[in-house]
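Good morning, everyone. Please have the sequence and the 3D view open while I talk.

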Amino acid sequence: MDVSRTARLRLRWFRQSDAAFVRGLLNEPAWIEHIYDAQVRTDEQAAAWIRERLEARYWLLGFGFWAVERLEDGELLGLAGVIQREGLPHPDIGYGFPARFWGQGYAREAAAATFDYCRQVLGMRHLLGTTAPENEPSGRVLLAIGMTDEGLQQTEAHEGLSRVYAWHDPEGRDDAGRSRRCAPAGTPRCAARRGRR
């Protein structure tokens, strides 16, 4: 199923036939260093990873990590999308590409498409992006799409420190689309709202 298109890319649901690509991506040295070692070494394990980690989220949540294809020739380039990580208060934008596709703007283009889809289609009002502290290239992508650097933080979702990037709806709306603007400080309604943030 197609999710989004850009000038050069198509974001779509992963499928079982993408197993060989996924196996390769999960074994990229940068993936293992900056994300984690999924212990996926065979196409069969990759197919299971797609089924359990990707397809299940599509059906349960309506979003997840999507395949990124080049429109020109249909070549699978990487993954991008958004997930709700246990231990993070808001959905987390992520992406990953094999080293052979770095430096061509694909990560930024796919991340920007994900960012737009989250806000315009899914109606998300708060988004995060997390990186390993030393992963400056991924941080530059998140800054380029409009997120702000919230600094190094210890989150419940990660071992060790992560650099956290965030975006919050500048219109002051919550995830249900209601205004978060408060009445004058000190009123009961405003105090209650401030306590929930």
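I'll go through some salt bridges and then a run of paired strands. Keep in mind that this is a predicted model.

Let's start with charges. How many salt bridges does the count come to? It comes to 15 salt bridges. I'll pick out three.

Take E69 and R15. Their side chains meet in a salt bridge, at 3.9 Å from N to O. Where do the two residues lie? E69 lies in strand β3, residues 65–70. R15 lies in the loop between β2 (9–12) and α1 (19–26). The pair therefore ties together parts that are 54 residues apart in sequence.

Now look at their surroundings. Is E69 buried or exposed? E69 is buried, because its relative accessible area is 7% and the cut-off for buried is under 20%. R15 is partly exposed, at 38% relative accessibility.

This pair has company. E69 and R15 belong to a network of salt bridges. The other members are D2, R5, R10, R12 and D18. Find them in the view.

Next pair: D37 and R41. Their side chains form a salt bridge too, at 2.8 Å from N to O. D37 is partly exposed, with a relative accessible area of 27%. R41 is partly exposed as well, at 40%.

Third pair: R163 and D149. Here the N to O value is 3.1 Å. R163 sits in strand β8, residues 161–168. D149 sits in strand β7, residues 148–154. So this salt bridge ties together parts that are 14 residues apart in sequence. R163 is partly exposed, with a relative accessible area of 22%. D149 is partly exposed, with 37%.

On to the strands. Please find β4, residues 76–83. How many of its residues are buried? Eight of its eight, so the strand is mostly covered. One general point helps here. In a regular strand, side chains alternate between the two faces of the sheet.

Which strands does β4 pair with? One partner is β3. These two run antiparallel, over five bridges. Within that pairing, V68 stands opposite G78 of β4. β3 and β4 form a hairpin, with five residues between the strands. In that hairpin, G74 takes a positive phi near 75°.

The other partner I'll show is β5, residues 92–96. β4 and β5 are also antiparallel, again over five bridges. V82 has I93 in β5 as its bridge partner.

To recap, E69 in β3 joins R15 through a salt bridge, and β3 pairs with β4. β4 pairs with β5 as well. Thanks for listening.

Key: Residues are numbered from 1 along each chain as its sequence is written. This is a predicted model: local features need pLDDT of at least 70, side-chain atom pairs count only at pLDDT 80 or more; totals for chains, interfaces and linings use all residues. Side-chain values use heavy atoms; hydrogens and water are left out. A salt bridge is a side-chain nitrogen of Lys or Arg within 4 Å of a carboxyl oxygen of Asp or Glu. Helices (H or I, at least four residues) and strands (E, at least two) are DSSP runs, numbered from the N terminus. Buried means under 20% relative accessible area, exposed over 50%, partly exposed in between (1.4 Å probe, protein chains only). Two strands pair if DSSP finds at least two bridges between them.
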